[in-house]
Amino acid sequence: MKNEIHPEYHTITVAMTDGSSYETRTTWGKKGDTMTLEVDPTSHPAWTGGTARLTNKGRVAQFNKRFGNFKLAK
């Protein structure tokens with residue numbers, strides 16, 4: 001590898017929305033910085049299984065109507 005072309009890889013602290021934190025290595029910020037997350041796996045419905053709803057149900061119904069009787073020949 002060439003010298004002096006890669007960003008510095010250092011340790012930072014990541015603060016979650018629930019108050020917990022952990023240390024990780026990254027190229028973000030400076031050594032010892034704290035990254036405060038606004039959305040994380042403890043609060044976002046995509047990870048927690050919250051009240052997310054399917055907004056495209058019509059497309060699924062249309063697909064089932066069109067291909068619902070499709071059978072493979074034996």
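Thr-26 sits in strand 2. In this predicted model, Thr-26 counts as buried, because its relative accessibility of 19% falls under the 20% cut-off. A polar atom of the Thr-26 side chain lies 3.1 Å from the backbone nitrogen of Trp-28. Leaving out residues up to four places away in sequence, Thr-26 touches Glu-8, Tyr-9, His-10 and Ile-12.

## Overall layout

The protein chain has 2 helices and 3 strands. Along the sequence, the pattern reads β-β-β-α-α. The chain has 74 residues, and 9% of them count as buried. Contacts in the chain with a separation of 6 or more can be split by sequence distance: residues 24 or more positions apart account for 9% of them. The chain exposes about 7,100 Å². Carbon and sulfur atoms supply 53% of that area.

## Strand 1 and the 24–31 stretch

His-10 belongs to strand 1, which covers residues 10–15. Is His-10 buried or exposed? His-10 is buried, because its relative accessible area is 4%, under the 20% cut-off. A polar atom of the His-10 side chain lies 3.3 Å from the backbone oxygen of Glu-8.

Which residues does His-10 touch, once those up to four places away in sequence are set aside? They are Thr-24, Arg-25, Thr-26, Thr-27, Trp-28, Gly-29, Lys-30 and Lys-31. Thr-26 and Thr-27 are thus among the contacts of His-10.

Thr-27 follows in the loop between strand 2 (21–26) and strand 3 (34–36). Thr-27 is partly exposed, with a relative accessible area of 45%. Its contacts, apart from neighbours within four places in sequence, are Pro-7, Glu-8, Tyr-9 and His-10. Glu-8 also gives a C-alpha distance: Thr-27 and Glu-8 are 5.8 Å apart in space and 19 residues apart in sequence.

Glu-8 therefore recurs in this part of the model. Thr-26 touches Glu-8, Thr-27 touches Glu-8, and the backbone oxygen of Glu-8 lies 3.3 Å from a polar side-chain atom of His-10.

## The loop before helix 1

Val-39 is in the loop between strand 3 and helix 1 (45–48). Val-39 counts as partly exposed at 48% relative accessibility. Beyond residues up to four places away in sequence, Val-39 touches Thr-17 and His-44. The C-alpha atoms of Val-39 and Met-16 are separated by 8.0 Å, with their positions 23 residues apart along the chain.

## Helix 2 and the nonpolar patch

How many aromatic pairs does a search of the whole structure find? The search finds 1. The rings of Phe-63 and Phe-67 have centres 5.0 Å apart and planes at 45°, so the pair is tilted. The angle falls between the limits of 30 degrees for stacked and 60 for edge-to-face. Both residues lie in helix 2, 4 residues apart, about one turn of the helix.

Phe-63 and Phe-67 also belong to a nonpolar surface patch with Phe-70 and Leu-72. Together, the four residues have about 510 Å² of accessible area. Leu-72 is found in the segment after helix 2 (57–67). Leu-72 is exposed, because its relative accessibility of 72% is over 50%. Phe-63 is exposed at 51%, whereas Phe-67 is partly exposed at 40%.

## The segment before strand 1

Glu-4 is found in the segment before strand 1. Its relative accessible area is 84%, so Glu-4 is exposed. Its phi is positive, about 65°, although Glu-4 is not a glycine. Most residues other than glycine have a negative phi.

## Accessibility at a glance

The table gathers the relative accessible areas of the residues discussed.

| Residue | Relative accessible area | Class |
|---|---|---|
| His-10 | 4% | buried |
| Thr-26 | 19% | buried |
| Phe-67 | 40% | partly exposed |
| Thr-27 | 45% | partly exposed |
| Val-39 | 48% | partly exposed |
| Phe-63 | 51% | exposed |
| Leu-72 | 72% | exposed |
| Glu-4 | 84% | exposed |

Notes. Residues are numbered from 1 along each chain as its sequence is written. This is a predicted model: local features need pLDDT of at least 70, side-chain atom pairs count only at pLDDT 80 or more; totals for chains, interfaces and linings use all residues. Side-chain values use heavy atoms; hydrogens and water are left out. Buried means under 20% relative accessible area, exposed over 50%, partly exposed in between (1.4 Å probe, protein chains only). A polar contact is a pair of N or O atoms within 3.5 Å; within protein, one must be able to donate a hydrogen and the other to accept it, and residues adjacent in sequence count only if both atoms are side-chain atoms. Contact means heavy atoms within 4.5 Å. Patches are made of residues with over 30% relative accessible area and no salt bridge: like charges are joined within 9 Å, nonpolar side chains (Val, Leu, Ile, Met, Phe, Trp, Tyr) within 5 Å. Accessible areas come from the Shrake-Rupley method with a 1.4 Å probe; for residues, only the protein chains shown count as cover. A salt bridge is a side-chain nitrogen of Lys or Arg within 4 Å of a carboxyl oxygen of Asp or Glu. Rings of Phe, Tyr and Trp (its six-membered ring) pair if their centres lie within 6.5 Å; planes under 30 degrees apart count as stacked, over 60 as edge-to-face and the rest as tilted.
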